[in-house]
Structures are given as C-alpha cells and as structure tokens.
Amino acid sequence: MANYIPMFVALLGWLALWGYLISLDSKVRRMKKDE
Amino acid sequence: MWWKVLILVVMAWVCIGAWIFPPPTPVRENPEVFRIIYFHFPMAIGTVVAFGTAMFFSIRYLSTRDLKYDLREVSSARLGIIFCILAAISGSIFAKNTWGSYWNWDPRETSIFMLLLVYAAYFALRSAVSDPDQKANLSAVYSLFGFVATIFFIFIMPRIMPGLHPGSPKPTGVSEGSIITFSFKTAIVLIPSVLGHVGLFFWINKLAVDIAESSKELSDG
C-alpha cells in the first residue's frame, strides 16, 4: 500500500497542474478578448 | 485551441501508456522504475527545445531590436531552467534505483549541472543590468553562446566521455543492462511523450509571454 502513496500524490499533483494550466489559459484568453 | 486539446489528449495517453505498457528494459532488479524514462527523457528534450527557442528569439531581437523578442527569449530560458531541473530530479530518482546513488557525477549529470550554472549566470547577468536595452542586448548575445554550450553539454560531451548513461563510448560496469530497448510498445509512449512535453513548453511559454505583455501594457498605462 505504501508504494501507492507517492503514485497518488504524483497523480494529484499532475491533475492540479493541468487544472491550473487550463484555468490560466482561459483567463488569458478572456483578458485578450477584453482588450 | 485545437493544438491545446491535442496536447491534453497526448499527455493523457502518455500517463496511461506509461502505466499500462511494460517498462522499456528487459530484466533489471527493479524494472518498474524504468517507467520514469517516459518522462525523464522528454523533459531533457524539452530543455534543449526551450534553450533553442531562447536562442531563436535572441537572434530575432538582435536583428530587429524589438523588446518583445527579449520578453519571449527570457520566458523561454526560464522554462528551460524549469525543464532542466525537472529532468535532473527525475534522473536522480532513476539513478538512485539503477546505479545506487542519487548523483554519480556521470558526464551527463555533470553536463546538466553545468548547463544550470550557465543559465543561472544568464539570469544573474540580466538582474545586474538596469537599462532595458542594454539588458536585452547583453542577454541576447549571452543566450547565443548559452545555446552553443547546450549543444556541447547535451550532445557532444556525454558521447565522448565514458559514463553511466546510454550513448557513452565506454559504459562502465554499473550501467550494464541499462540499455533501453526501443520496442514498438516503448515508442508509442515515448515519442508522444516527447511531442507532448515540447507542446507543453510552447503552450506554457505562450501563456507566460501573454501575461507578461499584458502586465507590461498595464504598467505602461
């Protein structure tokens, strides 16, 4: 079980990074549209 | 927009493929750790692409003297450093499980360390100059030489000096069996991973440049 913990942490971190990237992308697109 | 969706799909495929396909090596004490190669190698390629892009924009800056290219250059170099650090960290984990130590001063490990120093000096140079034009001029010329150093450290030095990594002329005993078998199953994960990491670099770089440009416009009024 202990072997899976780093894997799940990595997966969560990976998903969080993607979520951040996608939200940042949509924010920048909205910003450019407003300009 | 479509290319961002494509990167997302490719990287999702890489994550799934890296888990479900066999690790790219025949027999090792701990073959599972070899799955990290699906991420470690593409990160190193991403480093080269990032520093190459920085050099491309430094040439554009030197030929046009337009500061927007300086912004693109520094953003690429910054991401190059991040990719380089990630490649070093993933490589260290790999090295611990394969060669017994996190850091072995193998020629490729030494070269990545030197590369980090070269680009750390690039940012030190930028922070030491306050005039924007002078800063852009100096860092553009430095970036040109920095990329020449990248080519030497990544593609030449590890191939002429004996070391642990695959590709060195006289691999020492400890690297026996660490040769990666490049089978079809490895290729269908590793090649998309390289393309996905390069795509990810261009996406993040574009975002960083867009944000920096709009905050510059705001501060300029």
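**Exercise 1. Work out the order of secondary structure elements in chain B of this predicted model.**

Solution. Start at the N terminus and read along: the elements of chain B follow the pattern α-α-α-α-α-α. Next, tally them by type: there are six helices and zero strands. Finally, look at how the chain folds back on itself. Among contacts in chain B with a separation of 6 or more, 71% join residues 24 or more positions apart.

**Exercise 2. Compare the end-to-end distances of helices α3 and α4 of chain B with their expected spans.**

Solution. Begin with α3(B), residues 67-99. Its 33 residues, at 1.5 Å a residue, should span 48 Å, and the end C-alpha atoms lie 46 Å apart, so the two values agree. Now take α4(B), residues 107-128. Here 22 residues should span 32 Å, and the 31 Å between the end C-alpha atoms agrees with that.

**Exercise 3. Find the buried side of α4(B) and say what packs against it.**

Solution. First list the buried residues of α4(B): B:Arg108, B:Glu109, B:Ser111, B:Ile112, B:Leu115, B:Tyr119 and B:Tyr122. They cover an arc of only 165° around the axis, and therefore lie on the same side of α4(B). Then turn to the face directed away from that side, where the exposed residues B:Leu117, B:Ala120, B:Ala121, B:Ala124, B:Ser127 and B:Ala128 sit. Lastly, ask for the partners: the buried residues of α4(B) pack against α3 and α5 (132-160) of chain B.

**Exercise 4. Describe the largest nonpolar core and the surroundings of B:Phe83.**

Solution. The largest nonpolar core contains 37 residues, and B:Ala50, B:Phe51, B:Phe83 and B:Ala87 have the most contacts inside it. Two or more residues come from each of α1 (2-20), α2, α3, α4, α5 and α6 of chain B. The top contributor is α2(B), with 13 residues. Now zoom in on B:Phe83: leaving aside residues up to four places away in sequence, B:Phe83 touches B:Met43, B:Gly46, B:Thr47, B:Ala50 and B:Phe201. For the chain as a whole, 33% of the 221 residues of chain B count as buried.

**Exercise 5. Which backbone positions, B:Arg65 and B:Trp105 among them, have a positive phi, and where do they lie?**

Solution. Keep in mind that most residues other than glycine have a negative phi. B:Arg65 is not a glycine, yet its phi is positive, about 60°. B:Arg65 belongs to the loop between α2 and α3 of chain B, and it is partly exposed because it has 13 C-beta neighbours inside 10 Å. B:Trp105, also not a glycine, has a positive phi near 55°. B:Trp105 is in the loop between α3 and α4 of chain B; it has 10 C-beta neighbours inside 10 Å, so it counts as exposed. A glycine joins the list too: B:Gly100, which follows α3(B), has a positive phi near 90°.

**Exercise 6. Locate B:Glu213 and relate it to B:Lys68.**

Solution. B:Glu213 is part of helix α6 of chain B. It has 15 C-beta neighbours inside 10 Å and is therefore partly exposed. Although B:Glu213 and B:Lys68 are 145 residues apart in sequence, their C-alpha atoms are 8.0 Å apart in space.

**Exercise 7. Summarise the contacts between chains A and B and the confidence of the prediction.**

Solution. Five residues of chain A contact five residues of chain B. The chain A side has three nonpolar, no polar and two charged residues. For the complex, the predictor reports an ipTM of 0.78 and a pTM of 0.87. The mean pLDDT of chain B is 85, and 87% of the residues score at least 70.

How values were computed
Residues numbered from 1 in each chain as written. Chains lettered and ligands numbered in written order. Predicted model: local features only at pLDDT ≥ 70, side-chain atom pairs only at ≥ 80, totals over all residues. Helix = DSSP H or I, 4+ residues; strand = E, 2+ residues; numbered from the N terminus. Buried ≥ 20, exposed ≤ 12 C-beta atoms within 10 Å, placed from the backbone. Contact = placed C-beta atoms within 7 Å. Nonpolar A, V, L, I, M, F, W, Y, C, P; charged D, E, K, R; others polar. Expected span 1.5 Å × (residues − 1). Arc of directions from axis to C-beta. pLDDT = per-residue confidence, 0-100. Core = buried A, V, L, I, M, F, W, Y, C linked by C-beta atoms within 7 Å.
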